[in-house]
Amino acid sequence: MREQGEDRESREDRAEKTQPPGDERSREEPAAATRPAPEARSGDPDPPERSEWWRRGFAPGGKRHLRAGALIGVLTAVLGFAIAVQVHSNSSSDSLQNLREDDLIRILDDQNARAERLNQQIADLQNTLDQLRRSGNSNQVAQEQAQRELQSLQVLLGTVAATGPGVAVTISDPQRNLKAEDLLDVVEELRGAGAEAMQFGPVRVTTSTSFSDAGDGVRVDGQAVAPPYQVVAIGDPKTLDTALNIPGGVAATARNAGGEAQIDEQQRVDIPALSTLRNPKYATPTGR
Amino acid sequence: MIAGLALIAGVVVGLLLRPTVPHVLEPYLPIAVVAALDAVFGGIRARLDGIFDAKVFVVSFVSNVVVAALIVFLGDKLGVGGQLSTAVVVVLGIRIFGNAAAIRRHVFRA
């Protein structure tokens with residue numbers, strides 16, 4: 001279309017160059033002021049007056065011309081006014097104000113899409129935040145659980161002092177007849193009855209506690225313990241009592257040896273003795 | 001002469017008053033201005049050609065403005081307002097260029 005226009009223009013240019021200006025007007029498009037009025041062209045009733053009129057400009061040459069001049073003045077004044085207004089409103093006011101309906105709709109759509117995108121982003125980030133918060137929580141839970149596990153393991157391994165219901169056993173052996181294995185039986189019996197923590201004399205009994213005979217009594221974990229033997233165990237007092245008193249059990253053995261096992265069920269016994277853990281030298285955790 | 005003075009006077013008045021364009025007229029004012037400019041350039045050319053007619057100028061001025069605004073209005077109603085106003089501006093721009101070329105030839109003889 002643009003090329004067409006240029007073609008047309010150049011054609012007009014050529015026409016202008018070759019033809020006298022007056023003739024060219026006859027094939028000019030309508031609506032421009034370049035076409036003479038029909039009566040002026042056909043009849044040519046007053047060409048001298050007209051040429052005189054426009055040559056003199058808008059000087060007072062008659063009522064009609066005065067009116068025409070005034071009308072033209074008004075129109076051009078309106079044009080100038082409109083130009084000023086348009087330029088002013090175009091440059092000063094908010095750019096959205098001058099946009100067409102379609103453009104506004106498009107902009108609104110863009111904004112809506114953008115808002116949607118941003119909302120989506122907000123939701124995603126919120127999700128991530130929740131996830132992180134949840135994982136933080138689960139970390140904390142795991143940590144608490146590990147802490148509890150650690151404490152129970154510490155009790156079982158004898159690295160911390162413990163307290164709770166249990167029994168306090170005093171085994172007297174005036175004739176020194178009880179051997180290390182008899183005393184180990186006491187420990188095994190108590191352990192079998194569910195004792196969770198034990199102390200033999202001054203020694204904390206753990207999984208690796210050793211009993212060996214010594215000249216005047218017994219050696220527990222290398223430490224000499226003489227009768228009467230004091231054994232404290234934490235567990236269900238009744239169960240522990242029963243376990244020690246079963247026929248052929250600890251109490252019977254002590255009696256046979258000429259001694260006596262005195263068992264006190266207590267609601268609260270304290271085991272202050274600690275054992276030291278050896279760091280494993282060969283075994284390493286597999287991480288499972 | 002009078003037309004030029006009136007144009008300047010209109011610009012001055014517009015700058016002084018700084019009126020806001022009514023919302024209804026907003027899409028049509030720029031097109032109307034371009035159409036009126038086309039009429040004015042046509043008038044100047046006609047005057048230089050010696051065939052200026054006040055009546056033709058007035059009629060063409062008004063009808064140019066009205067038709068341009070009407071086309072844009074119709075385009076808006078049909079949903080092609082943006083494209084149609086572009087088309088009107090292009091057509092009027094071509095005409096203004098043509099008239100300006102004719103005026104240039106008259107004024108500068110080149």
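**Exercise 1. In this predicted model, find which residue of β6(A) is the bridge partner of A:Val218, then work outwards to the sheet around that pair.**

*Step 1.* Start in β6(A): the bridge partner of A:Val218 there is A:Val225.

*Step 2.* Now look the other way. A:Val218 sits in β5(A) and also serves as the bridge partner of A:Asp213.

*Step 3.* Count the bridges. β5 (residues 217–220) of chain A is joined to β6(A) by three bridges, and the two run antiparallel. Between β4(A) and β5(A) there are four bridges, again with antiparallel strands.

*Step 4.* Put the strands in order. You get an open sheet of three strands, β4-β5-β6 of chain A, paired antiparallel. The edges are β4 (211–214) and β6 (223–225) of chain A; each has a single partner strand, so one side of each has no neighbour in the sheet. On average, neighbouring strands here are turned by 35° against each other, ignoring direction.

**Exercise 2. Work out how many residues lie between β4(A) and β5(A) in their hairpin, and which residue takes a positive phi in the hairpin of β5(A) and β6(A).**

*Step 1.* The β4(A)/β5(A) hairpin has two residues between its strands.

*Step 2.* The hairpin of β5(A) and β6(A) also has two residues between the strands, and A:Asp221 is the one with a positive phi, near 50°.

*Step 3.* Just beside that turn, check a cross-strand position: A:Arg219 stands opposite A:Ala224 in β6(A).

*Step 4.* Add what packs on the sheet. Helix α7 (residues 180–192) of chain A lies across β4 and β5 of chain A, and runs at about 145° to β4(A).

**Exercise 3. Determine which element gives the most residues to the largest nonpolar core, and describe that element.**

*Step 1.* Size up the core: there are 38 residues in it, and those touching the most other members include A:Leu79, A:Ala82, B:Ile31 and B:Ala36.

*Step 2.* List the contributors. Two or more residues each come from α5 (63–92) of chain A and from α1 (2–17), α2 (28–49), α3 (54–78) and α4 (81–108) of chain B. The top contributor is α2(B), with 13 residues.

*Step 3.* Zoom in on one member. Leaving out residues up to four places away in sequence, B:Ala36 touches A:Leu79, B:Phe61, B:Asn64 and B:Val65.

*Step 4.* Don't mix this up with the other core: a second, separate one of 32 residues includes A:Val169, A:Leu190, A:Val220 and A:Tyr229.

*Step 5.* Back to α2(B). Of its 22 residues, 18 are buried, so the helix is largely enclosed by the rest of the structure. From first C-alpha to last, α2(B) reaches 31 Å, close to the 32 Å expected at 1.5 Å a residue. Just after the helix, B:Gly50 has a positive phi of about 85°.

**Exercise 4. Say how many helices and strands chain B has, and where its confidence is lowest and highest.**

*Step 1.* Chain B has four helices and zero strands, giving α-α-α-α along the sequence.

*Step 2.* Buried residues account for 43% of its 110 residues. Of the chain B contacts between residues at least 6 apart in sequence, 68% join residues at least 24 apart.

*Step 3.* The average pLDDT of chain B is 86, with 99% of the residues at 70 or above. Within the chain, α1(B) is lowest at a mean of 81 and α4(B) highest at 90.

*Step 4.* For the whole model, the scores are ipTM 0.81 and pTM 0.40.

Key
Residues numbered from 1 in each chain as written. Chains lettered and ligands numbered in written order. Predicted model: local features only at pLDDT ≥ 70, side-chain atom pairs only at ≥ 80, totals over all residues. Pairing = 2+ DSSP bridges. Axes fitted to C-alpha atoms, helices over the stretch in contact; angles between N-to-C directions. Contact = placed C-beta atoms within 7 Å. Core = buried A, V, L, I, M, F, W, Y, C linked by C-beta atoms within 7 Å. Buried ≥ 20, exposed ≤ 12 C-beta atoms within 10 Å, placed from the backbone. Expected span 1.5 Å × (residues − 1). pLDDT = per-residue confidence, 0-100.
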